[in-house]
Amino acid sequence: MQGFKDFLEETDVDYLIVDIPESLLDDSLLLLEGRWINSGKKGYQMRIDKPTDHTQKLHVHIAKDKHINTKTQQVAWNDDGTKHDKKTFNTKLGSSPKVQQIAKQALNLDDNIILEMYTPTKLGFILESIETNQQIGREPDCRFVVKL
């Protein structure tokens, strides 16, 4: 009977692929990128994604358990604290201290990092005038006009 080593030498095999069922591996050995996993906070899941190209950063998506398939019910932050997926970022969910803590832990961010919450709008401000308010005797006030 031929041994395995002899078989490899005879057949010019350069590599070997071994499939191991996930159930036999310790969870700490598995890559978690791209998979929804328990966030450690009841009712919330998270997914850590690697950048897919040079314009992206490592980022985390967070959603309530029932909303992992609903993009508009999720938040995502990059590893520098900026928002990821700005157009679908759920501001209400993102304002939750619990959700922000999940993101900071997932991305190994310092507790003093402030996660981006600013939502850009199409509104702009124009300084229309500076004038003295005669009615209350104060020095110049500014009047701001919102340009639509």
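## Overview

A residue is called buried here when its relative accessible area is under 20%, exposed when that value is over 50%, and partly exposed in between. With that cut-off in hand, let's walk through this predicted model.

The protein chain holds three helices and six strands. Following the sequence, their pattern is α-β-β-β-β-α-α-β-β. Of the 148 residues in the protein chain, buried residues make up 24%.

## The four-stranded sheet

Four strands form an open sheet in the order 1-2-3-4, with antiparallel pairing. Strand 1 (37–38) and strand 4 stand at the edges with a single partner strand each, so one side of each has no neighbour in the sheet.

Let's cross the sheet in that order. Two bridges join strand 1 to strand 2 (residues 44–49), and Asn38 has Gln45 in strand 2 as its bridge partner. Strand 2 is then joined to strand 3 by six bridges, again antiparallel. Here Ile48 stands opposite Val60 in strand 3. Five bridges link strand 3 (residues 59–64) to strand 4, and these two strands run antiparallel as well. Val60 has Trp77 as its bridge partner in strand 4, while His61 is partnered with Ala76 in strand 4.

## How well the strands are covered

Which residues of strand 4 are buried on each of its faces? In a regular strand the side chains alternate between the two faces of the sheet. In strand 4, Gln74, Ala76 and Asn78 are buried on one side, and Val75 and Trp77 are buried on the other, which leaves both faces covered. Put as a count, five of the five residues in strand 4 (residues 74–78) are buried.

Strand 3 is also mostly covered, with five of its six residues buried. Strand 2 adds a charged pair to the picture: Asp49 forms a salt bridge with Arg47, and their closest N and O atoms are 2.9 Å apart. Asp49 counts as buried because its relative accessibility is 13%, and Arg47 counts as buried at 17%.

## Salt bridges between loops

The structure holds three salt bridges. Besides the pair just described, Asp80 and Lys57 meet through their side chains, at 2.9 Å from N to O. Asp80 lies in the loop between strand 4 and helix 2, and Lys57 lies in the loop between strand 2 and strand 3, so this pair ties together parts that are 23 residues apart in sequence. Asp80 is partly exposed, with a relative accessible area of 37%, and Lys57 is partly exposed at 36%.

Lys71 forms a salt bridge with Asp85, where the closest N and O atoms are 2.8 Å apart. This pair links distant parts of the chain: Lys71 sits in the loop between strand 3 and strand 4, Asp85 sits in the loop between strand 4 and helix 2, and the two are 14 residues apart. Lys71 is partly exposed, with a relative accessibility of 41%. For Asp85 the value is 27%, so Asp85 counts as partly exposed.

## Positive phi angles

Asp85 deserves a second look for its backbone. Although Asp85 is not a glycine, it has a positive phi of about 55 degrees. Asn108, another residue other than glycine, has a positive phi near 55 degrees.

Is Asn108 buried or exposed? Asn108 is exposed, with a relative accessible area of 71%, and it lies in the loop between helix 3 and strand 5 (124–133). Asp12, just after helix 1, takes a positive phi of about 60 degrees.

## Helix 1 and the surface patches

Why does helix 1 (residues 4–11) lie largely in the open? The number of buried residues among its eight is zero, so helix 1 has little cover. Phe4 is found in helix 1, and together with Phe7, Leu16, Val18, Ile20 and Leu24 this residue makes a nonpolar surface patch of about 650 Å².

The surface also carries a patch of positive charge, where Lys64, Lys66, Lys92 and Lys98 gather. Lys98 lies in helix 3 (residues 97–106) and counts as partly exposed, with a relative accessibility of 39%. Patch members need over 30% relative accessible area, so Lys98 passes that cut-off at 39%.

Notes: Residues are numbered from 1 along each chain as its sequence is written. This is a predicted model: local features need pLDDT of at least 70, side-chain atom pairs count only at pLDDT 80 or more; totals for chains, interfaces and linings use all residues. Side-chain values use heavy atoms; hydrogens and water are left out. Buried means under 20% relative accessible area, exposed over 50%, partly exposed in between (1.4 Å probe, protein chains only). Two strands pair if DSSP finds at least two bridges between them. Patches are made of residues with over 30% relative accessible area and no salt bridge: like charges are joined within 9 Å, nonpolar side chains (Val, Leu, Ile, Met, Phe, Trp, Tyr) within 5 Å. Accessible areas come from the Shrake-Rupley method with a 1.4 Å probe; for residues, only the protein chains shown count as cover. A salt bridge is a side-chain nitrogen of Lys or Arg within 4 Å of a carboxyl oxygen of Asp or Glu. Lys and Arg count as positive and Asp and Glu as negative; His and the chain ends are not counted. The place of a charge is taken as NZ of Lys, CZ of Arg, CG of Asp or CD of Glu.
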